[in-house]
Amino acid sequence: MKILVLNGPNLNLLGKREPGLYGTQGLDEIMSSMQAAAEQMGVQLDCFQSNEEGALVSRIGEASGTYDGVIFNPAAYTHTSIALRDALLAVDLPCVEVHLSNTHRREEFRHTSLTAPACVGQIMGFGGKGYVLALEGLVEYLQSMKED
Ligand code: DQA
């Protein structure tokens with residue numbers, strides 16, 4: 001099983017960026033914990049971060065046929081990007097959306113996710129741990145799909 005992990009704008013600054021909201025772990029550290037969990041599950045992960053919407057759209061567009069699913073924190077693009085939502089719908093790969101913070105407890109403009117309706121599920125509010133929770137959820141989802 002092969003899963004693509006995508007992280008959007010400013011997530012490369014995790015650790016230094018608003019630590020009260022996002023925690024003190026850097027993205028590399030969070031991705032390493034996820035890699036360790038994936039190894040235990042026998043799952044292969046490829047991780048990609050970009051500050052550019054088009055680069056994320058392209059990665060999703062190329063994912064079909066190579067990956068079984070996607071774990072995605074679109075960051076600020078969550079609330080603005082029809083292009084990312086359309087990319088997810090176009091490839092029709094199961095995607096789990098992750099947010100470190102609980103966006104519903106924050107400013108109103110963060111309450112809407114344009115990408116979530118194109119996902120099988122969403123995990124938020126558990127910091128970096130959310131990525132591992134998303135991985136567990138997505139792997140179980142993919143296994144149940146194979147059994148059907
Ligand atoms: C975020 C929440 C977004 O609203 C914000 O723009 C981010 C991070 C999160 O992981 O909590 O950049 O996606």
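## Ligand site and a helix pair

In this predicted model, an oxygen atom of the ligand is found 2.8 Å from an N or O atom in the side chain of His-99. With the protein around it, the ligand has 99% of its area buried, out of the 320 Å² that the ligand exposes when taken alone. Two further residues, Arg-17 through its side chain and Ala-76 through its backbone, also place an N or O atom at a short listed distance from a ligand oxygen atom, as the table sets out.

| Residue | Part holding the N or O atom | Distance to a ligand oxygen atom |
|---|---|---|
| His-99 | side chain | 2.8 Å |
| Arg-17 | side chain | 2.9 Å |
| Ala-76 | backbone | 3.2 Å |

The residues that surround the ligand include Tyr-22, Asn-73, His-79, Ser-101 and Arg-110, and the shell as a whole divides into four nonpolar, five polar and three charged residues.

Elsewhere in the description, helix H3, which spans residues 53-63, packs with helix H4, residues 82-91, at an angle of about 5°, and their axes are 9 Å apart. Because angles under 35 degrees count as roughly parallel, H3 is roughly parallel to H4. On the H3 side the contact is made by Glu-53, Leu-56, Val-57, Ile-60 and Gly-61, while H4 contributes Ala-83, Leu-84, Ala-87, Leu-88 and Val-91. By class, the residues of this contact are eight nonpolar, one polar and one charged.

How values were computed
Residues numbered from 1 in each chain as written. Predicted model: local features only at pLDDT ≥ 70, side-chain atom pairs only at ≥ 80, totals over all residues. Heavy atoms only, no water. Near = heavy atom within 4 Å. Polar contact = N/O pair within 3.5 Å; in protein donor to acceptor, adjacent residues only side chain to side chain. Areas by Shrake-Rupley, 256 points an atom, 1.4 Å probe, with all protein chains shown as cover. Nonpolar A, V, L, I, M, F, W, Y, C, P; charged D, E, K, R; others polar. Axes fitted to C-alpha atoms, helices over the stretch in contact; angles between N-to-C directions. Helix = DSSP H or I, 4+ residues; strand = E, 2+ residues; numbered from the N terminus. Parallel < 35°, antiparallel > 145°, perpendicular 65-115°, else oblique. Contact = heavy atoms within 4.5 Å.
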